[in-house]
Structures are given as structure tokens and as C-alpha cells.
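Subject: Structure for your review

Hello,

Please find the structure below, followed by notes on what was found in it.

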There are 2 protein chains.
Amino acid sequence: MKKTSDTLILEEFLPFRLSRLSESISLKFAQHYKREYGMTRPEWRALAALGQLGTLTSTQICQHSNMHKTKVSRAVQSLSKRGWLIRKRDDSDRRVEYLQLSAIGLRRYSKLVELAQQFQNELLSTMSPSAISTVNKALLILENLELNKD
Amino acid sequence: MKKTSDTLILEEFLPFRLSRLSESISLKFAQHYKREYGMTRPEWRALAALGQLGTLTSTQICQHSNMHKTKVSRAVQSLSKRGWLIRKRDDSDRRVEYLQLSAIGLRRYSKLVELAQQFQNELLSTMSPSAISTVNKALLILENLELNKD
DNA sequence: AATCAATGGTTACAATTGTAACTTAATTCA
DNA sequence: TGAATTAAGTTACAATTGTAACCATTGATT
């Protein structure tokens, strides 16, 4: 016999809390790169993944950032059109395409890294060291739920 | 002089971690009510807010769940068309409209509450009590950031 | 009272998104 | 070999979304 009640306290419901938080924080951060670089969220995410990890395929970007493959496909097209990344076919498996930031892409990337670090510093600067550590532990716990595996 | 590095570790970047988590958890949960009740995310959120808090205006739903007002407007219209909620104009200020679940709406609501609680129980069942407490503390910390105030 | 600004809520339109179908290429296995 | 699956990535189309403009009403200022 599971205990349940007839109302759901949203303030205690994990999916609600997470999406409320994530939407307000991500939106806030998105304003920066949207205004300054005219980038969309999927574009920023793809750029950030390539900047950090070097050469990746679209599929790898999907897996790493949990984005739908059509989103990634479009973001990659757009970055490629602006000349921020270079596509190179794999010769042994001609379905896959390796993606890599171009020189321009790298310059944009480092600007955006600065912006991101500044943003995060501002967030963290209002938190005590122990609060930061608690948040970190919690995120690790959530990231290791079965749900988020494989 | 702020210390920065030339790459951003996404696994340490708060907006990234939160949205990756939130998207995968919310999506997983959305599958349930989408499949069983044909509801969208904004509809579920509006329903859940009304079920928990009783009578609300659209604006209050926006504030509570951090949704865009057009999203709320459409969700409310849709719930109203299905007869799950009742709209009542305020007589002293005829711009505002009070929203309240109907009898049918309440029945759907309690079904969904059960679903939600089961979902959350499954999530929590894989976590130790101290892990749960860490997650709770962390979410409270994040929810109280300036960003999420007012 | 008359104008002007602000608020609750809706809607038109354009942009973004997801679903499903598709193309091309590789793999399996009969 | 060759038919049947599977994978990477794109695209057409429909659904969802956000932006901005819009009503209707109220509140503030004169």
C-alpha cells in the first residue's frame, strides 16, 4: 500500500522544480548570446560541445547535450553557413561527418566562454562555498539516476 | 583579475546541467500524461496549479509556473473546451477571470496526481535518504537565487 | 471629465520544434 | 550475392511556441 494524497504539492515535485529552475536560468543566459551574437540555444549548445570536445559527429552532439537530432542538424547547418565550423566526411564510413570549429568559430567560442564564465561566476558569487558544494553533489546524484544513463 | 580558462567544461556549467536534467526528466514524465490523457505540458502544468491552489487567474498561473502568458492562455482555452475548468469574470475588475477546476477536471486531476506521485516515488526509491535531502537542499538554494526571485 | 499609461488576457503571424518519412551508406545473415 | 535491417543525417509537414500588436478595462494625472 503506497501512501498518496489527493493533491500534489508542485513545490515538492521534482520535474516541476527542475524545469522551472532550468527555464528561468537558461532563458536568462540565452538573452546574452542571443542579443550579442544572434545565436539560438541549439546553436550555442553545439558550439559549446565542439569547443570543449574538439571533433564530434552530429550524433555525438545529440548524445552529449540531449538534443533532438533535427535540432542538432539545423544548428550545425546554421553554424556551417556562417563559417563557424567545418564538416569532413569519414572515408571509411561515408555516412558520418566530422564537425570541427573553424578559426572564426573558435574566436566566437572564446568570446562566448568568457560570457558563460562571467554568468556562472555571478551566480556562484551569491552562494556560500558549502551551498555550492551541496548543489554540486545534488546535480551529480540526479545525473546518475537510471533515467539519465545510457 | 578574474580567473578564466579558454574552454568551458559543460559538465560544470549550471545552465547546461540543469536543462539537460530537466529536459530528460520532464520528457519522461510527459510521456505518461501525453499517452494516457493526450495532454500537453502547459495543460498539465495549468491543471496541476489549479488542482493544488484552487482558484487562480491566468496571470497567477504564469507566475507560479514560470510559463509565458500565451502558453497559459492556450492551455486554459483547451482545458476549458474540454470542460475541465470553469471561468468566472471578476465583477469588480472585469479584466480578470477566475479559473477553477470543474468536477470532471478534478477527477482528471486526481488521476494525474496518482501518476505523478508514482513517478516521483520511483525516482526517489533509487536514492538514499541523505541523497534525497541533499537534492532538496540544493533545489532550495537554487530557487532562492536572486534570478528566481520576484 | 479627458487624456494617457498600465494591466489582464487574446490573437495574428513568424519562427522554432518534433514526428515521420526519406536518402544514402553500412551491416547482417541466408 | 543479395535481400533485409540498421545507422547517420536531412527534410517535408504539422504542431507548438514566442513576439508584437491588439482589445477591453482600469488607474493615474491633469
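Which residues are the closest to DNA strand C? They are His68(A), Arg74(A), Thr59(B), Gln77(B) and Arg87(B), out of 21 residues that surround the strand; a residue counts as near a strand if one of its heavy atoms lies within 4 Å of it.

Before the rest, the conventions. This is a predicted model, in which local features need pLDDT of at least 70 and side-chain atom pairs count only at pLDDT 80 or more, while totals for chains, interfaces and linings use all residues. Residues are numbered from 1 along each chain as its sequence is written, chains are lettered from A and ligands numbered from 1 in the order in which they are written, and side-chain values use heavy atoms, with hydrogens and water left out.

DNA strand C

Of the strand C atoms within 4 Å of the protein, 58% belong to sugar or phosphate, and the rest belong to bases. Polar contacts are pairs of N or O atoms within 3.5 Å; within protein, one atom must be able to donate a hydrogen and the other to accept it, and residues adjacent in sequence count only if both atoms are side-chain atoms. On the phosphate side, an N or O atom in the side chain of Thr59(B) is 2.3 Å from a phosphate oxygen of strand C, and a backbone N or O atom of Glu97(B) lies 3.1 Å from a phosphate oxygen. On the base side, the side chain of Arg74(B) has an N or O atom 3.2 Å from a base nitrogen of strand C.

The surface near strand C draws at least two residues each from α4 (69-81) of chain A and from α3 (58-65) and α4 (69-81) of chain B. Helices here are DSSP runs (H or I, at least four residues), numbered from the N terminus. The most comes from α4(B), with 5 residues. By class, this surface has 2 nonpolar, 9 polar and 10 charged residues, where Ala, Val, Leu, Ile, Met, Phe, Trp, Tyr, Cys and Pro count as nonpolar, Asp, Glu, Lys and Arg as charged, and the others, Gly among them, as polar.

DNA strand D

Strand D is surrounded by 21 residues, the closest being Thr59(A), Gln77(A), Arg87(A), His68(B) and Arg74(B). Sugar or phosphate accounts for 60% of the strand D atoms within 4 Å of the protein. Phosphate oxygens of strand D lie 2.9 Å from a side-chain N or O atom of Ser73(A) and 2.7 Å from a polar side-chain atom of Gln77(A). Arg74(B) places a polar side-chain atom 2.6 Å from a base oxygen of strand D. The most to the surface near strand D is given by α4(A), with 5 residues.

Chain A and chain B

In the protein interface, 60 residues of chain A are in contact with 60 residues of chain B (contact means heavy atoms within 4.5 Å). The two chains bury about 5,900 Å² between them, 65% of it on carbon and sulfur atoms; buried area is the accessible area (1.4 Å probe) that two parts lose on being put together, summed over both. The rule finds 8 salt bridges across the interface, a salt bridge being a side-chain nitrogen of Lys or Arg within 4 Å of a carboxyl oxygen of Asp or Glu. Arg20(A) and Glu143(B) meet in a salt bridge at 3.9 Å, N to O. The largest share of the chain A side that touches chain B comes from α1(A), with 15 residues.

Regards
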